[in-house]
Amino acid sequence: MSDQDIAQNLIAIQQKIEAAAKDAGRDPKDITLVAVSKTKPVDDIYTAISAGQLHFGENRMKELEDKMAEIDMPEVVWHFIGNLQTNKIKYIADRVNWIHSVEKAKYLKEIEKRAAQANRVVNALIQVNISDEKQKGGCKPEDLSSILESAQDYNHVQVRGLMGMATFADDPEDVRQEFKLLKELFDEHQKYNEGSVQLEHLSMGMTNDMEVAIQEGATMVRIGSAIFGERNYD
Ligand SMILES: *Cc1c(COP(=O)(O)O)cnc(C)c1O
């Protein structure tokens, strides 16, 4: 992708977000675009920053750690969206702002410990498996209540919502039900809002299914290839 392409892609995506939000009777300002820069060089991230983009998502812990160290700009908001490994949380806890992919209570405990050592607060989303695909990760819907209950008394991690990945589908209409399910779980679990649990965000929607996700209530969309181009690997 040339610098110009990245800048133009960002404008096009913002326009799509606005149109989808307006269609759904929602305020576009309630939807945060997380630019998923995984596998892409830091120069592409700088290009996006120059174009006004500040939220970036990465799905590998080491890659996030390296990019956060290299791009030393306090205004950049970093999101981790991939598989967590307990023993590596300490390497990202001193800088990461959001972790979308928490699927077990034990990860919250470790984030609390490491964020405390860094004297910070990290925002977390609980990932729920809304597809039939095991490899997509996430807790089972029935485990959500116990994970939320475990997190109400933390000081350095705040559980701010839920994240889900839909099944890959050529027609995004085919996965509307999965987004509806996540929104239902989000509504049903509002009763666990207490202390450090306050469910207010729904991270759902990627390049292929963003518009449907926004219609179903997404407040964060995670967009990679429509901004930075196709990837050779994930
Ligand atoms: C790669 C990735 C995305 C972005 O995918 P695109 O289809 O390129 O928009 C979003 N969420 C997660 C968890 C990812 O791993």
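**Legends to close-up views of a predicted model**

Among contacts in the chain between residues at least 6 apart in sequence, 60% join residues at least 24 apart. The model shown in these views is predicted.

**Figure 1. The whole chain, with its nine helices and eight strands.** Taken along the principal axes, the C-alpha atoms of the chain fill a box of roughly 45 × 40 × 30 Å. A compact globule of 234 residues would have a radius of gyration near 17 Å, and the chain, with 17 Å, agrees with this expectation. Of the 234 residues, 54% count as buried, while the accessible surface of the chain comes to about 11,100 Å², of which 44% belongs to carbon and sulfur atoms. The chain carries 28 positive and 40 negative charges, and the mean positions of these two sets are 5 Å apart.

**Figure 2. The surroundings of V128, in the loop between β5 and α6 (144-150).** V128 counts as buried because its relative accessibility is 0%, where the cut-off for a buried residue is under 20%. Not counting residues up to four places away in sequence, V128 touches G137, G138, C139, P141 and L144, together with L162, M163, G164, L182 and L185. For a sense of separation within the chain, V128 and P74 are 54 residues apart in sequence, and their C-alpha atoms are 30 Å apart in space.

**Figure 3. The side chain of H189, in the loop between α7 (176-188) and β7 (197-203).** With a relative accessible area of 8%, H189 is buried, and its side chain reaches the backbone oxygen of L185 at 2.8 Å. Leaving aside neighbours within four places in sequence, H189 is in contact with L144, S145, L148 and L199. L144 and L185, which appear here, are also among the residues that V128 touches in the preceding view.

**Figure 4. E216 and its polar contact with K180.** E216 is placed in the loop between α8 and β8 (220-223), and its relative accessible area of 12% makes it a buried residue. The side chains of E216 and K180 are joined by a polar contact of 3.3 Å. Leaving aside neighbours within four places in sequence, the residues in contact with E216 are R176, F179, K180, K183 and M204.

**Figure 5. A213 within helix α8 (residues 210-215).** A213 counts as buried, its relative accessibility being 0%. Not counting residues up to four places away in sequence, A213 touches F179, M204, G205 and A218; F179 and M204 are also among the contacts of E216. Along the chain, A213 and D174 are 39 residues apart, and the distance between their C-alpha atoms is 12 Å.

**Figure 6. M206, in the loop between β7 and α8.** In this view the residue is partly exposed, since M206 has a relative accessible area of 30%. Not counting residues up to four places away in sequence, M206 touches M165, R222 and I223. The C-alpha atoms of M206 and I223 are separated by 5.0 Å, although these two residues are 17 residues apart along the chain.

**Figure 7. Two loop residues with positive phi, T39 and N119.** Most residues other than glycine have a negative phi. T39, found in the loop between β1 (32-36) and α2 (42-50), has a phi near 70 degrees. N119, whose place is in the loop between α5 (105-117) and β5 (122-127), has a phi near 60 degrees. With a relative accessibility of 66%, N119 counts as exposed, the cut-off for that class being over 50%.

**Figure 8. D5, in helix α1 (residues 3-23).** D5 is partly exposed, with a relative accessible area of 32%. The C-alpha atoms of D5 and I126 are separated by 33 Å, and the two residues lie 121 residues apart along the chain.

Terms used:
Residues are numbered from 1 along each chain as its sequence is written. This is a predicted model: local features need pLDDT of at least 70, side-chain atom pairs count only at pLDDT 80 or more; totals for chains, interfaces and linings use all residues. Side-chain values use heavy atoms; hydrogens and water are left out. Helices (H or I, at least four residues) and strands (E, at least two) are DSSP runs, numbered from the N terminus. The radius of gyration is taken over C-alpha atoms; the globule rule is 2.2 Å times the number of residues to the power 0.38. Buried means under 20% relative accessible area, exposed over 50%, partly exposed in between (1.4 Å probe, protein chains only). Contact means heavy atoms within 4.5 Å. Accessible areas come from the Shrake-Rupley method with a 1.4 Å probe; for residues, only the protein chains shown count as cover. Lys and Arg count as positive and Asp and Glu as negative; His and the chain ends are not counted. The place of a charge is taken as NZ of Lys, CZ of Arg, CG of Asp or CD of Glu. A polar contact is a pair of N or O atoms within 3.5 Å; within protein, one must be able to donate a hydrogen and the other to accept it, and residues adjacent in sequence count only if both atoms are side-chain atoms.
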